[in-house]
Amino acid sequence: MRDENPTNRKERRTADAQGAVSNEKFLKLADRFIDVANRQNQSVKATSLHMAFLYGAARYNAHVAKNILEVSDQEGFVQEMTRHYQEM
């Protein structure tokens, strides 16, 4: 997530092209996951649904750690993710 908020269109587009995520875009991405959960909750119990989302997030984070970030210390990465979860 990028902290700065470029004020002109060219700066925003350049930042977006580089994969930066503004605070606003970060929250919109999170809202999309919440929307999916709310739709699924019409036919799936929330207690099952939240565990499915946790499982999916854990699997995706493991993929990113291994294949994108190339993390060598898996246990350290798990501890870091745990800390982030506790902070939320």
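Helices here are DSSP runs of at least four residues, coded H or I, and are numbered from the N terminus. The model is predicted. Work through each exercise with the structure in view.

**Exercise 1. Place S22, and say whether it is buried or exposed.**

Step 1. Find the helices on either side. S22 sits in the loop between α1 (9–17) and α2.

Step 2. Recall the cut-off. Buried means under 20% relative accessible area.

Step 3. Apply the cut-off. The relative accessible area of S22 is 13%, so S22 is buried.

Step 4. Look for a partner of the side chain. A polar atom of the S22 side chain lies 3.0 Å from the backbone nitrogen of K25.

**Exercise 2. Describe the overall make-up of the protein.**

Step 1. Count the elements. There are four helices and zero strands.

Step 2. Read along the sequence. The pattern is α-α-α-α.

Step 3. Ask how much is buried. The protein has 88 residues, and 11% of them count as buried.

Step 4. Turn to the surface. Its accessible area comes to about 7,800 Å². Carbon and sulfur atoms account for 53% of that area.

**Exercise 3. Compare the span of α3 with the expected span.**

Step 1. Take the length in residues. α3 has 23 residues.

Step 2. Work out what to expect. The expected span is 1.5 Å times one less than the number of residues. For α3 this gives 33 Å.

Step 3. Compare. From first C-alpha to last, α3 reaches 31 Å, which is close to the expected value.

Step 4. Find the buried residues of this helix. L49, V64 and A65 are buried in α3.

Step 5. Ask what they pack against. The buried residues of α3 pack against α2 (23–40) and α4.

**Exercise 4. Examine the residue with a positive phi that follows α3.**

Step 1. Name the residue. E70 follows α3 and has a positive phi, near 50°.

Step 2. Check the residue type. E70 is not a glycine, although its phi is positive.

Step 3. Place the residue. E70 belongs to the loop between α3 (46–68) and α4 (74–87).

Step 4. Judge the exposure. Exposed means over 50% relative accessible area. E70 has 62% relative accessibility, so E70 counts as exposed.

**Exercise 5. Find the salt bridges and describe each pair.**

Step 1. Count them. The structure holds two salt bridges.

Step 2. Take the pair in α2. The side chains of K28 and E24 meet at 3.3 Å, N to O. Both residues lie in helix α2. They are four residues apart, about one turn of the helix. Both K28 and E24 are exposed.

Step 3. Take the pair in α4. The side chains of R83 and E87 form a salt bridge at 2.8 Å, N to O. Both lie in helix α4, four residues apart, about one turn of the helix.

Step 4. Judge the exposure of this second pair. R83 has 39% relative accessibility, so R83 counts as partly exposed. E87 has a relative accessible area of 55%, so E87 is exposed.

**Exercise 6. Which residues make the nonpolar surface patch?**

Step 1. List the members. M51, L54, Y85 and M88 make the patch.

Step 2. Give its area. The patch covers about 490 Å².

Step 3. Look at one member. M51 is in helix α3. Its relative accessible area is 46%, so M51 is partly exposed.

Step 4. Check M51 against a rule for membership. Residues in a patch have over 30% relative accessible area. M51, at 46%, fits that rule.

**Exercise 7. How many residues apart in sequence are H50 and A37, and what separates M81 from A58 in space?**

Step 1. Place H50. This residue is in helix α3. H50 has a relative accessible area of 42%, so H50 is partly exposed.

Step 2. Pair H50 with A37. They are 13 residues apart in sequence. Their C-alpha atoms are 8.1 Å apart in space.

Step 3. Place M81. This residue is in helix α4. M81 has a relative accessible area of 26%, so M81 is partly exposed.

Step 4. Pair M81 with A58. They are 23 residues apart along the chain. Their C-alpha atoms are separated by 9.1 Å.

Terms used:
Residues numbered from 1 in each chain as written. Predicted model: local features only at pLDDT ≥ 70, side-chain atom pairs only at ≥ 80, totals over all residues. Heavy atoms only, no water. Helix = DSSP H or I, 4+ residues; strand = E, 2+ residues; numbered from the N terminus. Buried < 20%, exposed > 50% of the residue type's maximum accessible area, 1.4 Å probe, protein only. Areas by Shrake-Rupley, 256 points an atom, 1.4 Å probe, with all protein chains shown as cover. Contact = heavy atoms within 4.5 Å. Patch = residues over 30% accessible without salt bridge, like charges linked within 9 Å, V, L, I, M, F, W, Y side chains within 5 Å. Salt bridge = Lys/Arg side-chain N within 4 Å of Asp/Glu carboxyl O. Polar contact = N/O pair within 3.5 Å; in protein donor to acceptor, adjacent residues only side chain to side chain.
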